[in-house]
Structure formats: structure tokens, C-alpha cells
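Please open the entry in your viewer and keep the selection panel at hand. The stops below are given in the order in which they may be selected.

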Amino acid sequence: MGKRQSRPRIVSDELWSLIAPLLPEPPPKQVEGRPRVPDRQALCGILFVLHTGIQWEYLPQELGFGSGMTCWRRLAAWNEAGVWDQLHQLLLNKLRSKNQLDWSRAVIDSPRPHAGAQKRTDRARPGSKHHIITDGQGIPSAVSLTGGNRNDVTQLLPLLDKIPAVAGAVGRPRRRPDMLFADRGYDHDKYRRLLRQRGIRPAIAQRGQPHGTGLGTFRWVVERTISWLHGFRRLRIRRERRDDIHEAFLGLAVCLITHRHVQSDIGRSEVPTT
């Protein structure tokens with residue numbers, strides 16, 4: 001009984017009601033073998049790994065998640081089916097229908113997660129980068145994963161293009177902010193010109209200029225969102241060799257942060273949970 005009471009409740013009924021319709025149909029049931037672990041239990045295991053950073057093989061069996069390999073396979077399959085992209089768009093639609101998205105400006109940044117012990121010893125590996133763009137309140141609009149040697153500015157337009165067309169209660173779907181704030185890593189006249197061609201006013205810090213130009217007044221929201229992302233221990237230190245698995249964790253974490261905004265007042269500073 002004690003173990004059952006200590007089981008972490010990390011998938012609420014409300015969140016599960018949004019995720020369940022998006023999951024692909026399970027494969028045909030085998031005549032022999034173990035029964036299939038329910039999807040909700042597998043999702044609990046995935047979230048346990050995301051929150052704690054524990055290795056798959058050490059996933060506690062007594063908590064009823066299923067094996068680490070089962071949860072790993074389920075995460076890979078759901079990511080391939082686009083579940084997290086669909087969920088993120090659904091959540092953004094909810095926010096826009098409540099007038100809770102700030103399209104007046106967007107903020108972009110490219111933090112680098114810490115490399116795992118094995119990657120730190122392999123100098124041939126460049127590591128990886130998380131590229132994220134948020135609305136004016138820090139709500140994630142899009143996220144991507146690249147190699148750590150990729151220049152930040154090269155991902156500016158691809159990340160803008162990745163913002164989904166967000167539908168609201170009335171009006172056309174929207175996917176373009178009015179302004180874009182960025183640090184010196186995005187300082188390039190070519191990209192300023194391309195942003196203006198898209199009807200987006202660039203507010204990008206220039207190299208060689210003194211700090212304290214005032215952009216921090218607007219850029220702090222993306223720094224806060226990054227701290228939320230890296231509050232999930234599996235994202236703070238990259239351990240996955242496969243990009244698609246790390247990208248799946250990244251997309252799921254973005255959904256959890258966005259879901260927290262749907263649930264509660266925007267602007268809360270603690271790391272979102274489910």
C-alpha cells in the first residue's frame with residue numbers, strides 16, 4: 001500500500017484527455033506474450049524520466065510504468081507520429097482563443113544543454129543546441145534541435161517558419177509576430193532585411209555595442225522559458241545518442257510548459273509540472 005501511495009501523479013486527467021485522442025492506434029494484439037502496457041502508464045514513465053533525468057534501464061518497475069525499453073519505444077513512436085507537434089498546436093489554439101498570446105513581439109535564443117559524460121570525452125562531437133522562440137510573455141511558439149556547431153542566426157528563419165498557424169475564436173490563423181527580439185548571436189543585416197520583408201520589425205543587438213541597450217527588458221521572458229526547459233533534468237544534460245529521442249523530450253517539455261500557461265495565470269516563475 002505504501003508504494004502505491006508514493007507513486008507520483010504526473011499525468012492529470014485533463015492533460016490525458018488532450019493527449020489520448022492524438023496517439024496512434026496500437027499494433028494488433030499478439031496471441032501470446034505479455035499484455036501491452038497501457039499508454040497512460042507508459043506516458044507516466046516517459047515523464048518520470050524527463051523530470052528526473054534517470055536512465056531508462058533504472059526506471060522503477062514497482063511504480064507500474066512498464067520497462068524502460070517499453071517507454072522508450074512508445075516515446076519514439078509518438079514522436080514519429082507528430083503527437084507533440086499536434087498537442088502544442090492544440091494548446092496554442094486554446095491560448096489564442098482566450099486572447100492570451102502576445103503577438104506584438106517574439107523573442108529567440110539558442111541555449112546549449114550540457115553534454116553527457118561520454119560526449120564530453122569525445123572531442124569530435126560538437127554537442128547540440130536548443131533553439132526556441134517565444135511570444136512576448138515567454139510562451140513557447142516553436143523549438144528545434146541542431147548540432148552545437150550550428151550558428152544561431154542560421155536557425156532564425158527556420159524557427160519562424162516552424163511556428164504553427166494558430167487559430168483563434170475569430171479571425172484568420174496567425175503565425176507571425178510584429179517584432180522579433182534577439183541577442184548579438186543573430187546580428188546580421190541580411191536577416192534584418194529578410195525579417196522586414198516578412199513584415200516583422202527586427203530588434204537585434206549589435207556586436208561591439210555596450211551592454212544595457214534595453215533589449216533585456218524584453219528578452220528576459222525567453223531566458224525564463226529556457227530555465228523552465230532545463231528544469232527538466234533530461235534536457236539539462238543530454239544523454240541520448242539519437243537526435244529524435246532528445247527532440248521528442250524537447251517537444252514534450254514544450255507542451256508541458258504551454259499546458260501550464262493554459263491552466264494558470266501567465267507569468268508564473270516556477271518550473272512547470274503536469
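**From the end of H5 to the termini**

Begin at Asn99, just after H5, where the residue adopts a positive phi of about 60°. The model is a predicted one.

Next, select helix H5 itself. Its 15 residues should span 21 Å at 1.5 Å a residue, and the end C-alpha atoms are indeed 21 Å apart, which agrees. Display the side chains of Val83, Trp84, Leu87, His88, Leu91, Leu92, Leu95 and Arg96, the buried residues of H5. An α-helix has 3.6 residues a turn, so residues three or four places apart point the same way. The cover over the buried residues of H5 includes H2, H3, H4, strand E4 (140-147) and H11.

Move now to H3, residues 39-52, which reaches 20 Å from its first C-alpha to its last, close to the 20 Å expected. Is H3 mostly covered or uncovered? It is mostly covered, with 10 of its 14 residues buried; among them are Asp39, Cys44 and Phe48. Add helices H2 (13-19), H4 (68-80), H5 (83-97), H10 (233-236) and H11 (243-263) to the view, since the buried residues of H3 pack against these. Just after H3, Gly53 has a positive phi of about 80°.

Finally, colour the chain by pLDDT. The chain mean is 86, and 84% of residues reach 70 or more. Confidence is highest in helix H8 (residues 189-197), at 97, and lowest in helix H1 (residues 2-6), at a mean of 40. Residues 1-8 have pLDDT below 50, and this stretch has nine contacts beyond near neighbours in sequence. Residues 266-274 also stay under 50, with 31 contacts beyond four places in sequence. Where pLDDT is low, the predicted coordinates should not be read in detail.

Note on methods:
Residues numbered from 1 in each chain as written. Heavy atoms only, no water. Helix = DSSP H or I, 4+ residues; strand = E, 2+ residues; numbered from the N terminus. Expected span 1.5 Å × (residues − 1). Buried < 20%, exposed > 50% of the residue type's maximum accessible area, 1.4 Å probe, protein only. Contact = heavy atoms within 4.5 Å. pLDDT = per-residue confidence, 0-100.
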